[in-house]
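Me: Could you take a close look at one part of this model for me, the buried interior? I'd like the cut-offs spelled out as you go.

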Amino acid sequence: MISAIVLTKDSSKTLGETLRSLSRFDDVIVLDTGSSDSTIEIAKSFPNVTLHRHSFSGFGHLRNLASNYTKNDWVLSLDSDEVLTDEAFEEIESKKLEDTKVYSFPFDNYFNNKHIKWCGWYPDRHIRLFNKSSTSFSSDFVHERVLDDDMQEENLVFSIKHYSYGCISDFLEKMQRYSTLFAQQNKYKKRSSIGKALLHGHFAFFKSYILKRGILGGKEGFIISIYNAQTAYYKYLKLWEANQDATCL
């Protein structure tokens, strides 16, 4: 048996579709970190969902906490803007899961109703199915991952659909949040400066638009490349500020 976990905060735009894709699981844990929209009501409307609340303490810690709430040892982790396809569900249901393995899914990433195949968004693959008695998520504040040391990764065929950015405001909100988390996680661990922030920003655009072929993606490729550049710039600018003991973070 497999349980599913989903972290939420103000996820009302996408959570319904995520939970519908998990309707065939008997145990789904939603861990909310302070939603003020209709996220809680949406989660409560699904009979197979158990809702928990916790203050934000870093993504790694929260995913492990949610995993601890599950009834089953096997855990599928989704974000609140991700959808498990029917084909992917049937694939994992047909598998004889092995405790020494972790299982990764290909990801189809969407923006502006388009499957994005540029800017480093494709191909994309992440480990999302694991046995909690064998491994767990890293404790990283952000960019956490399933620990796969001494584990064998099996690549599954069918995908998870990811609808991370529905509009430009989503880019801005995520840039603000993740740049702050990056600075908090790396304070006093990495050096930064205004010049370093500029260099990271310029290189991120070049990498996304040229090396990762964003130029072939039309306006979506350009927007994503600009977003990647600005995110890199503000990550290192906020880190520079944090290293000076500023109180803005």
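Reply: Happy to; here is a walk through the interior, beginning with one helix.

This is a predicted model, in which local features need pLDDT of at least 70 and side-chain atom pairs count only at pLDDT 80 or more, while totals for chains, interfaces and linings use all residues. Residues are numbered from 1 along each chain as its sequence is written, and side-chain values use heavy atoms, with hydrogens and water left out.

Helix α3 spans residues 59–69 and is mostly covered, with eight of its 11 residues buried (under 20% relative accessible area, 1.4 Å probe, protein chains only). Helices here are DSSP runs of H or I with at least four residues, and strands are E runs of at least two, numbered from the N terminus. Among the buried residues of α3 are Phe-59, Leu-62, Leu-65 and Ala-66. The buried residues of α3 pack against β1 (2–8), β2 (28–32), β4 (74–79), β8 (125–131) and α5 (168–186); contact means heavy atoms within 4.5 Å.

Now to the nonpolar cores, sets of buried Ala, Val, Leu, Ile, Met, Phe, Trp, Tyr and Cys residues joined through side-chain atoms within 4.5 Å. The largest has 27 residues, and Leu-19, Leu-22, Phe-25, Leu-84, Phe-105 and Leu-129 touch the most other members. Elements giving two or more residues to this core include β1, β2 and β4. Apart from this core lies another, of 17 residues, including Ala-66, Phe-130, Val-146 and Leu-181. Ala-66 is also one of the buried residues of α3. As for Phe-25, its contacts beyond neighbours within four places in sequence are Ile-2, Asn-48, Leu-76, Leu-84, Phe-89 and Ile-92.

Conventions:
Buried < 20%, exposed > 50% of the residue type's maximum accessible area, 1.4 Å probe, protein only.
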